[in-house]
Amino acid sequence: MKLTLPKLLLIPLLLLGERALAQETEQDLTDVQKQTKEYASPGVRGMGKSRGIVIGYERLPQFDMESESDNPEVGNGRARVRRHNKFFVRALAPVMNKPNTKLILGIDHKFEEFNFESVSPASYSLYRNLEDKNLKSLGLQLAFLHSFDEVRFLLVRAKGELNGDYTRDNINVSDYLKTTIDVGYGWKRSPDFAWGVGFQLGYTFGRQRLYPGIIYNRTFNDRWGVESIFPANLRVRYNVSEKTLLYTGYRIEGASYNLYASEPPLSQFNDIELRRTDIKGLLRLEQEIYDFLWFAVEGGFRQYYRHRAFDDVGSRDVLIKNTLKGAGYVGIELYAVPPRKLLERSQNR
């Protein structure tokens with residue numbers, strides 16, 4: 001076939017067009033890959049959805065409490081706790097929500113109270129100071145999650161809490177402020193397995209200390225999985241369905257409260273600090289009510305590991321050693337999660 005000059009000039013133009021089309025197609029594929037790239041995170045397949053607003057209540061029935069002190073003026077005491085109530089509200093919201101960087105702001109308010117069977121002016125001083133007094137905690141936190149790539153991630157959380165028996169009339173931030181910092185670095189080995197190492201500077205065991213931790217989240221199949229930040233907590237998960245989750249395991253909880261002792265003889269110390277650590281063996285059910293609304297029921301056995309009162313805030317001198325008997329507990333929660341349509345929309349972007 002004889003090629004004329006116009007046809008010869010057309011060949012390079014066709015080649016350039018094909019090259020441009022190929023480059024454009026390659027760029028489109030790259031853009032799609034960037035959009036669908038799965039950045040690393042501690043979460044694994046089968047875990048429960050992230051929560052926005054949580055309301056919870058926990059109650060412990062009757063148990064005995066014994067107190068000992070080396071201070072002769074304070075002395076020893078014994079009482080029956082009629083009930084121990086805990087209530088909390090928590091709200092979390094994203095401040096930054098990029099594919100590889102997320103910043104979550106959270107606020108929470110919680111309180112616990114002791115009600116004794118009988119308290120009179122002649123009762124033990126600590127019990128009179130605790131009776132019907134709300135041990136409050138008002139907290140503000142920032143959680144930062146950064147994914148370096150599909151495998152590595154960094155998690156940092158800083159939290160400040162006002163813990164104690166303060167009221168609107170006597171609150172002083174410097175007197176009641178407690179700070180906690182969590183840091184974790186991990187690896188997402190597959191959609192079903194993530195692990196990491198880190199530490200917490202906090203009050204899990206009463207006094208502020210540095211504690212190591214190991215993140216271990218793994219889904220073994222469509223039904224079974226493990227979620228853990230060891231040694232603080234460990235839960236075995238059973239996925240009944242997409243809308244029903246069952247858990248069993250344990251959790252270590254700790255707190256520190258600053259108390260203004262108004263009843264003698266503790267009033268001579270003015271401000272004292274109450275620190276507690278307890279271990280809970282638990283069974284838990286989480287159930288979807290309607291799309292974005294879930295509830296949870298949890299029960300088990302709580303055993304106090306340590307419950308102490310100190311003669312001053314931050315002191316190492318134990319004023320009162322309390323022994324609290326183990327008891328069963330029950331708790332309920334109502335919480336909101338991202339709507340299913342919103343999750344599907346974000347996945348399809």
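# Notebook: strands, turns and a pocket in a predicted model

**Overall make-up.** I began with the secondary structure and counted four helices and 16 strands in the protein chain. I note at the outset that this is a predicted model, and I read every value below with that in mind. The protein chain has 349 residues, of which 36% count as buried. I then looked up how contacts are spread along the sequence: among those between residues at least 6 apart, 60% join residues at least 24 apart. For the accessible surface of the protein chain I noted about 19,900 Å², with 59% of that area belonging to carbon and sulfur atoms.

**Strands β6, β7 and β8.** I followed the pairing from β6, which spans residues 152-164, to β7, which spans residues 177-190, and found the two strands antiparallel and joined by 11 bridges. To fix the register I looked up E161, whose bridge partner in β7 is K178. On going from β7 to β8, residues 193-202, I again found antiparallel pairing, here over nine bridges. W187 has W195 in β8 as its bridge partner, and the connection between β7 and β8 is a hairpin that passes through two residues.

**Strands β10, β11 and β12.** I next turned to β10 (residues 224-230) and β11 (residues 233-241), which pair in the antiparallel sense over six bridges. A hairpin through two residues joins β10 to β11, and I placed P231 in the loop between these strands. The peptide bond between F230 and P231 is cis, with omega at about 10°, and I marked that bond for inspection in the viewer. Moving on from β11 to β12, residues 244-260, I found eight bridges in an antiparallel pairing, and once more a hairpin with two residues between the strands.

Which residues stand across from N233 on its neighbouring strands? I found N233 of β11 opposite I229, while in β12 the bridge partner of N233 is R251. I therefore used N233 as a reference point when tracing β10, β11 and β12, since β11 pairs with β10 and also with β12.**Backbone angles in two loops.** I looked up two non-glycine residues with positive phi. N270, in the loop between β12 and β13, has phi near 65°, and D291, in the loop between β13 and β14, has phi of about 50°. Is each of these residues buried or partly exposed? With a relative accessible area of 37%, N270 is partly exposed, whereas D291, at 17%, is buried because its value is under the 20% cut-off.

**Y257 in β12.** I located Y257 in strand β12, where its relative accessibility of 5% makes it count as buried. Setting aside neighbours within four places in sequence, I listed the contacts of Y257 as E112, L135, K136, N163, G164, I272, E273, L274 and R276. I also looked up the separation of Y257 from Y166, which lies 91 residues away along the chain, and found 9.9 Å between their C-alpha atoms.

**L324 in β15.** I placed L324 in strand β15, which covers residues 318-324, and noted it as buried, at 4% relative accessibility. Beyond neighbours within four places in sequence, L324 is in contact with F63, D64, M65, F114, R302, Q303, Y304 and H307. From L324 to V81 there are 243 residues in sequence, yet the C-alpha to C-alpha distance is 9.3 Å.

**The second largest pocket.** I finished with the second largest pocket, for which I recorded a volume of about 170 Å³. It is lined by 13 residues, and those closest to its centre are R207, R209, R275, R306 and F310. What is the make-up of this lining by class? I noted seven charged, three polar and three nonpolar residues. Looking for the strands behind the lining, I found that β13 (271-290) and β14 (293-310) each supply at least two of its residues.

Methods
Residues are numbered from 1 along each chain as its sequence is written. This is a predicted model: local features need pLDDT of at least 70, side-chain atom pairs count only at pLDDT 80 or more; totals for chains, interfaces and linings use all residues. Side-chain values use heavy atoms; hydrogens and water are left out. On a 1 Å grid over the protein atoms alone, a cavity is a set of points where a 1.4 Å probe fits but cannot get out, and a pocket is an open set with protein on both sides within 12 Å along at least five of seven lines; lining residues have an atom within 4 Å of a point. Grid points are joined across faces, edges and corners, and a volume is the space filled by probe spheres set on the points. Ala, Val, Leu, Ile, Met, Phe, Trp, Tyr, Cys and Pro count as nonpolar, Asp, Glu, Lys and Arg as charged, and the others, Gly among them, as polar. Two strands pair if DSSP finds at least two bridges between them. Buried means under 20% relative accessible area, exposed over 50%, partly exposed in between (1.4 Å probe, protein chains only). Contact means heavy atoms within 4.5 Å. Accessible areas come from the Shrake-Rupley method with a 1.4 Å probe; for residues, only the protein chains shown count as cover.
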